[in-house]
Amino acid sequence: MAIDVATFTDLDAVAADAGGALDRARQPRLFDRIGWYRLLTAHCALPGAPLIVRARDGEGAAWLFLTRQSARASALANWYSLETGPVTHGVIKPELVTALARHLRSIEKLAAITLAPLTEEKLGLTATAFRAAGWITCATPVTTNWRVALSGTDWGAYLSGRPRRLQNTLKRKLKHELSIEIYDRFLQDKWDIYEKIYKASWKPEEGFPAFLNALAETEGQAGNLRLGLAFDGLTPVAAQLWLVENGEATIHKLAHVEARRGSSPGTILTAAMFRYAIEQDKVHRIDFGTGNDSYKADWMDQRRPLHQLNLYNPRTVTGFLGAARESLSAARTAFRRTAE
């Protein structure tokens, strides 16, 4: 069956061409939806100009959302993106992604593409397809994703399966009298409290607060928002942004007031959010996003590497030299490890 390939530089044109295939009803993952890319482009200063390619036949379709700067392109993503890579609909066919790769290789002066973070599944699909289209591929692990499976688990069973140190910590810390509020719809005054807590936390200044505000509002309208706030009396001391959809809870942001670190308000709120997700939302999985922070291992039991995939077009001088440099660097690293 013939494969049709098209290039777009405008998300409205992508949406019109997709005919609903990139909407919430047909894409179960947040990061695969046209709405996600609209939020990124509307509220975040992304490098370059959008470059979106689409391949489809009568049974399925695949898209790759990129931004391009001169000879280089990268995933249309930033640190809020917990996944990138090809977006698919219908029958998933590797040849559709290969068609995307072949088309991208034909674009004048496009020498290199960087995609991150990629799950191992999307890494395998993407690297194989691009190699088949003549690209040189170089993959490296860049971060970690922690998850826990919860099918049929209640809060007590979950907690009994956690490390003894976490159980003991919770027994101690839950003695602190904090009030917990969890909202499943967007309320601007509650979001203002979240932002106040974040500004008083140990974390650096939020890169694009308007993006998170818009995301929380959009997902609140869809019923997916879980905004947790912890108070010591009337004083807000911790906040967390979770999204719950299709039986999976994803932890996107968490913060606590640095001056209250000693009473562990973040840990207390995390326990309340986990319990709510297990008992009220009855999720089958909780996902801790990206980052290999040591405390996540206490709450989770599945560790997945996430990768960066560098793609080089050997038809261009820049692409050929880039691949050569990366290969040489990898060889040097392997030699040093062997010599140690």
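**Figure 1. Salt bridge between Asp12 and Arg38 in the predicted model.** Arg38 is partly exposed, with a relative accessibility of 33%. Its partner in a salt bridge is Asp12, and the closest N and O atoms of the two residues are 2.6 Å apart. The pair links distant parts of the chain, since Asp12 belongs to helix α1 and Arg38 to helix α2, 26 residues apart. Asp12 likewise counts as partly exposed, at 47% relative accessibility. The model shown here and in the other views is predicted.

**Figure 2. Salt bridge between Glu245 and Arg33.** The two side chains meet with an N to O distance of 2.7 Å. Glu245 is in strand β10 and Arg33 is in the loop between α1 and α2, so the salt bridge ties together parts of the chain that are 212 residues apart in sequence. Arg33 has a relative accessible area of 4% and is therefore buried, the limit being under 20%.

**Figure 3. Salt bridge between Arg226 and Asp281.** The side chains of Arg226 and Asp281 form a salt bridge at 2.8 Å, N to O. Because Arg226 lies in strand β9 and Asp281 in the loop between α9 and β12, the pair ties together parts 55 residues apart in sequence. Arg226 is buried, at 9% relative accessibility, whereas Asp281 is partly exposed, with a relative accessible area of 22%. Elsewhere, salt bridges that share partners join Asp4, Asp17, Arg54 and Arg56 into one network. The whole structure contains 21 salt bridges.

**Figure 4. The largest nonpolar core, with Phe211.** This core has 46 residues, of which Trp36, Trp63, Phe65 and Phe211 touch the most other members. At least two residues of the core come from each of β1 (4-8), α1 (11-18), α2 (34-43), β3 (60-69), α7 (188-199), α8, β9 (225-232) and β10. Leaving aside residues up to four places away in sequence, Phe211 is in contact with Trp36, Leu39, Leu40, His43, Cys44 and Tyr80.

**Figure 5. The largest pocket.** The volume of this pocket is about 880 Å³. Its lining comprises 35 residues, and Trp202, Lys203, Leu254, Phe288 and Tyr295 are the closest to its centre. Two or more lining residues come from each of α6 (164-173), α8 (209-221), β10 (235-245), β11 (248-256), α9 (265-279), β12 and α10 (296-299). The largest share, six residues, is supplied by β11. By class, the lining has 17 nonpolar, 11 polar and seven charged residues.

**Figure 6. The second largest pocket.** This pocket holds about 350 Å³ of space. Among its 17 lining residues, Arg29, Asp32, Glu83, Thr119 and Lys122 lie nearest the centre. β5 (87-90), α4 (120-132) and β12 each contribute at least two residues to the lining, and α4 gives the most, with three. The lining divides into four nonpolar, three polar and 10 charged residues.

**Figure 7. The two largest cavities.** There are three cavities of 30 Å³ or more, and the largest has a volume of about 70 Å³. Residues lining the largest cavity include Arg29, Glu83, Thr119, Asn145, Asp287 and Arg304. β12 (285-290) and β13 (302-312) are the elements that give two or more residues to this lining. The lining of the largest cavity has three nonpolar, five polar and four charged residues. The second largest cavity contains about 50 Å³ of space, and its lining includes Tyr37, Leu64, Phe65, Thr84 and Leu115. Seven nonpolar, two polar and no charged residues make up the lining of the second largest cavity.

Terms used:
Residues are numbered from 1 along each chain as its sequence is written. This is a predicted model: local features need pLDDT of at least 70, side-chain atom pairs count only at pLDDT 80 or more; totals for chains, interfaces and linings use all residues. Side-chain values use heavy atoms; hydrogens and water are left out. On a 1 Å grid over the protein atoms alone, a cavity is a set of points where a 1.4 Å probe fits but cannot get out, and a pocket is an open set with protein on both sides within 12 Å along at least five of seven lines; lining residues have an atom within 4 Å of a point. Grid points are joined across faces, edges and corners, and a volume is the space filled by probe spheres set on the points. Helices (H or I, at least four residues) and strands (E, at least two) are DSSP runs, numbered from the N terminus. Ala, Val, Leu, Ile, Met, Phe, Trp, Tyr, Cys and Pro count as nonpolar, Asp, Glu, Lys and Arg as charged, and the others, Gly among them, as polar. A nonpolar core is a set of buried Ala, Val, Leu, Ile, Met, Phe, Trp, Tyr and Cys residues joined through side-chain atoms within 4.5 Å. Buried means under 20% relative accessible area, exposed over 50%, partly exposed in between (1.4 Å probe, protein chains only). Contact means heavy atoms within 4.5 Å. A salt bridge is a side-chain nitrogen of Lys or Arg within 4 Å of a carboxyl oxygen of Asp or Glu.
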